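Visitor: I like to know why a label is given before I trust it. Could you walk me through this one with me asking the questions?

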Amino acid sequence: MPDELTVCRILGDQPFAEIGRPVWAVTDERHGCVIAAGDLGHVMWRGTGHCLGYRIGVYEAGTLRPRHVPPPP
């Protein structure tokens with residue numbers, strides 16, 4: 001019998017997971033979106049120096065699904 005896969009935790013199974021810990025958000029009713037800023041904590045990318053410890057994302061207002069989250073630098 002093959003080994004069974006057990007899922008213990010799904011990382012990022014929450015609103016704004018792409019931006020880290022949300023620290024600021026504002027709604028734009030005209031465009032139906034939420035703009036949120038998140039703190040990624042201390043981040044270091046070997047070979048290229050330090051990365052920014054924050055990210056900004058744009059989300060759908062009703063579902064909080066990501067509309068646009070820039071890739072990391």
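Guide: Gladly; what follows is a conversation about labels and the values behind them, for a model that is predicted.

Visitor: Let us begin with the overall layout. How many helices and strands are there in the protein chain?

Guide: The protein chain has six strands and zero helices. Read from the N terminus, the elements run β-β-β-β-β-β.

Visitor: And how much of the protein chain is buried?

Guide: Of the 73 residues, 16% are buried. The accessible surface is about 6,100 Å², and carbon and sulfur atoms account for 58% of that area. As for contacts between residues at least 6 apart in sequence, 26% of them join residues at least 24 apart.

Visitor: Now the charged side chains. How many salt bridges does the count come to?

Guide: The count comes to two salt bridges. One of them joins Arg21 and Asp39, and Arg67 forms a salt bridge with Glu60.

Visitor: Why is the pair of Arg21 and Asp39 called a salt bridge?

Guide: The rule asks for a side-chain nitrogen of Lys or Arg within 4 Å of a carboxyl oxygen of Asp or Glu. The closest N and O atoms of Arg21 and Asp39 are 3.2 Å apart, so the pair qualifies. Arg21 is in strand β1 (residues 21-28) and Asp39 in strand β2 (residues 33-39), so the salt bridge ties together parts 18 residues apart in sequence.

Visitor: Is Arg21 buried or exposed?

Guide: Arg21 has 52% relative accessibility, and exposed means over 50%, so Arg21 counts as exposed. Its partner Asp39 has 30%, which makes Asp39 partly exposed.

Visitor: What makes Arg67 and Glu60 a salt bridge?

Guide: Their closest N and O atoms are 2.9 Å apart, and the cut-off is within 4 Å, so this pair meets the rule too. Arg67 is partly exposed at 39% relative accessibility, and Glu60 is also partly exposed, at 29%.

Visitor: Then there is Arg55. Why does Arg55 have no salt bridge?

Guide: The nearest side chain of opposite charge is Glu18, and it is 7.8 Å away. A salt bridge needs the atoms within 4 Å, so Arg55 has none, although this residue is buried. Arg55 lies in strand β5 (residues 54-60).

Visitor: What does the side chain of Arg55 reach, then?

Guide: The side chain of Arg55 reaches the backbone oxygen of Glu18, at 3.2 Å. The cut-off for a polar contact is within 3.5 Å, so that distance fits.

Visitor: On to the rings. How many aromatic pairs are there?

Guide: The count is one aromatic pair. Phe16 and Tyr59 form this pair, with 4.8 Å centre to centre and 90 degrees between the planes.

Visitor: Why is the pair called edge-to-face?

Guide: Ring centres must lie within 6.5 Å to pair, and planes over 60 degrees apart count as edge-to-face, so 4.8 Å and 90 degrees satisfy both conditions. The pair links distant parts of the chain, with Phe16 in the segment before β1 and Tyr59 in strand β5, 43 residues apart.

Visitor: How do you know whether Phe16 and Tyr59 are buried or exposed?

Guide: Buried means under 20% relative accessible area. Phe16 has 14%, so Phe16 counts as buried, and Tyr59, at 0%, counts as buried as well.

Visitor: What is notable about the phi of Leu64?

Guide: Leu64 has a positive phi of about 60 degrees although it is not a glycine. Most residues other than glycine have a negative phi. Leu64 lies in the loop between β5 and β6 (66-68), and at 27% relative accessibility Leu64 is partly exposed.

Visitor: Which residues does Ile35 touch, leaving aside its neighbours within four places in sequence?

Guide: Ile35, placed in strand β2, is in contact with Trp24, Ala25, Val26, Asp28, Ile56, Gly57 and Val58. Ile35 and Leu64 are 29 residues apart in sequence and 10.0 Å apart in space, C-alpha to C-alpha.

Visitor: And why is Val23 called partly exposed?

Guide: Val23 has a relative accessible area of 47%, which falls between the 20% and 50% limits, so it is partly exposed. Val23 lies in strand β1 and touches Ala37, Gly38 and Asp39, not counting residues up to four places away in sequence.

Methods
Residues are numbered from 1 along each chain as its sequence is written. This is a predicted model: local features need pLDDT of at least 70, side-chain atom pairs count only at pLDDT 80 or more; totals for chains, interfaces and linings use all residues. Side-chain values use heavy atoms; hydrogens and water are left out. Helices (H or I, at least four residues) and strands (E, at least two) are DSSP runs, numbered from the N terminus. Buried means under 20% relative accessible area, exposed over 50%, partly exposed in between (1.4 Å probe, protein chains only). Lys and Arg count as positive and Asp and Glu as negative; His and the chain ends are not counted. A polar contact is a pair of N or O atoms within 3.5 Å; within protein, one must be able to donate a hydrogen and the other to accept it, and residues adjacent in sequence count only if both atoms are side-chain atoms. Contact means heavy atoms within 4.5 Å. Accessible areas come from the Shrake-Rupley method with a 1.4 Å probe; for residues, only the protein chains shown count as cover. Rings of Phe, Tyr and Trp (its six-membered ring) pair if their centres lie within 6.5 Å; planes under 30 degrees apart count as stacked, over 60 as edge-to-face and the rest as tilted.
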